[in-house]
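Hi everyone, thanks for coming. I'd like to walk you through one structure today, from the inside out. Let me put it on the screen.

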Amino acid sequence: KELLSNELKLKYPFLSSRYAFKVCRIEPENNLHVILEAFADYEKMPLVIIGNWMNSEYGKNLKIKFDKLDDIHLLDPIYDQQVLNQIRSNCYIYMHGHSAGGTNPSLVEAMYLGLPVVAYGVQYNKETTEDKALYFDSKDTLVRLLESVDDERLEKIAKDMHQIALEKYTWEKISNLYSGLFL
């Protein structure tokens with residue numbers, strides 16, 4: 001976890017409590033509608049999503065529908081890596097809704113940070129996390145999962161995610177695998 005600055009805590013009061021977090025392109029295949037609908041029903045924890053809301057009708061419609069809810073924070077892109085890292089590294093749960101595209105860099109970054117991952121239950125997310133994250137495939141399964149999870153289980157998932165990242169997703173490991181392809 002990165003130390004939160006007082007300035008950031010003032011700007012983003014949700015940082016003083018447990019919150020779920022997601023950063024991504026605002027596209028349908030990232031299942032933001034599912035995550036937002038679940039957190040609209042599950043009011044026990046704020047949800048923070050950082051993304052390009054105004055780049056598509058999908059994003060604009062989600063922003064209009066959900067931005068007025070007290071515990072949902074839809075932030076525009078943050079390009080200051082230090083600020084983004086503070087927000088991401090201090091979340092209670094990292095939400096990963098991607099359902100297309102293979103191993104995702106934002107998922108691997110969250111794993112490196114040792115964040116407990118709740119991911120959309122497609123095969124490549126399960127492979128990336130070695131079936132050790134929590135998975136959802138609908139609003140209802142996500143709400144049930146959020147209602148049933150506890151600190152101990154999340155701590156175990158966080159440790160597993162970090163260990164997997166250290167074992168599978170280092171520059172040395174990846175570059176050796178690529179160089180092996182060319183030999």
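Let's begin at helix α9, residues 171-182, where you'll find Tyr178. Together with Leu181 and Phe182, Tyr178 makes a nonpolar patch on the surface, about 430 Å² in area. Please keep in mind throughout that this is a predicted model.

Now to the interior. As a general reminder, nonpolar side chains in soluble globular proteins tend to be buried together. Here the largest nonpolar core has 45 residues, and the members touching the most other members are Leu36, Phe39, Ile93, Met95 and Leu142. Which helix gives this core its largest share? That is helix α2, residues 32-41, with 6 residues. There is also another core lying apart from that one, with 19 residues, including Phe14, Phe21, Val23 and Ile50.

Let me zoom in on Met95. Leaving out residues up to four places away in sequence, Met95 is in contact with Ala20, Phe21, Lys22, Ile35, Phe39, Leu47, Val118, Phe136 and Leu142. Two names there should sound familiar: Phe39 and Leu142 are also among the residues that touch the most other members of the largest core. And Phe21, another contact of Met95, is one of the residues in the 19-residue core.

Phe21 brings me to a residue I'd like to spend some time on, Arg88. You'll find Arg88 in helix α4, residues 81-89. Is Arg88 buried or exposed? Its relative accessibility is 3%, and because of that Arg88 counts as buried. With residues up to four places away in sequence again left out, Arg88 touches Phe21, Val23, Gln81, Glu109, Leu113 and Leu115. Phe21 and Val23 in that list belong to the 19-residue core I mentioned.

So what does a buried arginine pair with? Side chains of opposite charge can pair when their charged atoms come close. Arg88 forms a salt bridge with Glu109, and their closest N and O atoms are 2.9 Å apart. Since Arg88 sits in helix α4 and Glu109 in helix α5, residues 105-112, this pair ties together parts that are 21 residues apart in sequence. As for Glu109, this residue is partly exposed, because its relative accessible area is 39%.

While we are on charges, how many salt bridges are there in total? The count is 10. One of them joins Arg25 to Glu27, with the closest N and O atoms 3.7 Å apart. Both partners are partly exposed: Arg25 at 47% relative accessibility, and Glu27 at 24%. There is a small network here too, as salt bridges with shared partners link Arg25, Glu27 and Glu29. Another salt bridge runs between Lys63 and Asp67, where the closest N and O atoms are 3.7 Å apart. Lys63 counts as buried at 18% relative accessibility, whereas Asp67 counts as partly exposed at 34%.

On to the cysteines. A disulfide is a covalent bond between the sulfur atoms of two cysteines. How many disulfides does the model have? The count is 0. Why can't Cys24 make a bond? The closest cysteine sulfur, in Cys91, is 13 Å from the sulfur of Cys24, and therefore too far for a bond. Seen from Cys91, the closest cysteine sulfur is the one in Cys24, again at 13 Å. Both cysteines are buried: Cys24 has a relative accessibility of 12%, and Cys91 has a relative accessible area of 1%.

Last stop, the backbone. Most residues other than glycine have a negative phi. Please look at Glu130, in the loop between α6, residues 123-128, and β6, residues 134-136. Glu130 has a positive phi, near 50 degrees, and is not a glycine. Asp131 is found in the loop between α6 and β6 as well, and its phi is also positive, near 60 degrees. How accessible are they? Glu130 is partly exposed, because its relative accessibility is 31%, while Asp131, at 52%, counts as exposed.

If you'd like one view to take back to your desk, I'd choose Arg88: a buried residue whose salt bridge with Glu109 links helix α4 to helix α5. Thanks, everyone, and I'm happy to rotate the model for anyone who wants another look.

Notes: Residues are numbered from 1 along each chain as its sequence is written. This is a predicted model: local features need pLDDT of at least 70, side-chain atom pairs count only at pLDDT 80 or more; totals for chains, interfaces and linings use all residues. Side-chain values use heavy atoms; hydrogens and water are left out. A nonpolar core is a set of buried Ala, Val, Leu, Ile, Met, Phe, Trp, Tyr and Cys residues joined through side-chain atoms within 4.5 Å. Buried means under 20% relative accessible area, exposed over 50%, partly exposed in between (1.4 Å probe, protein chains only). Helices (H or I, at least four residues) and strands (E, at least two) are DSSP runs, numbered from the N terminus. Contact means heavy atoms within 4.5 Å. Patches are made of residues with over 30% relative accessible area and no salt bridge: like charges are joined within 9 Å, nonpolar side chains (Val, Leu, Ile, Met, Phe, Trp, Tyr) within 5 Å. Accessible areas come from the Shrake-Rupley method with a 1.4 Å probe; for residues, only the protein chains shown count as cover. A salt bridge is a side-chain nitrogen of Lys or Arg within 4 Å of a carboxyl oxygen of Asp or Glu. A disulfide is a pair of cysteine sulfur atoms within 2.5 Å.
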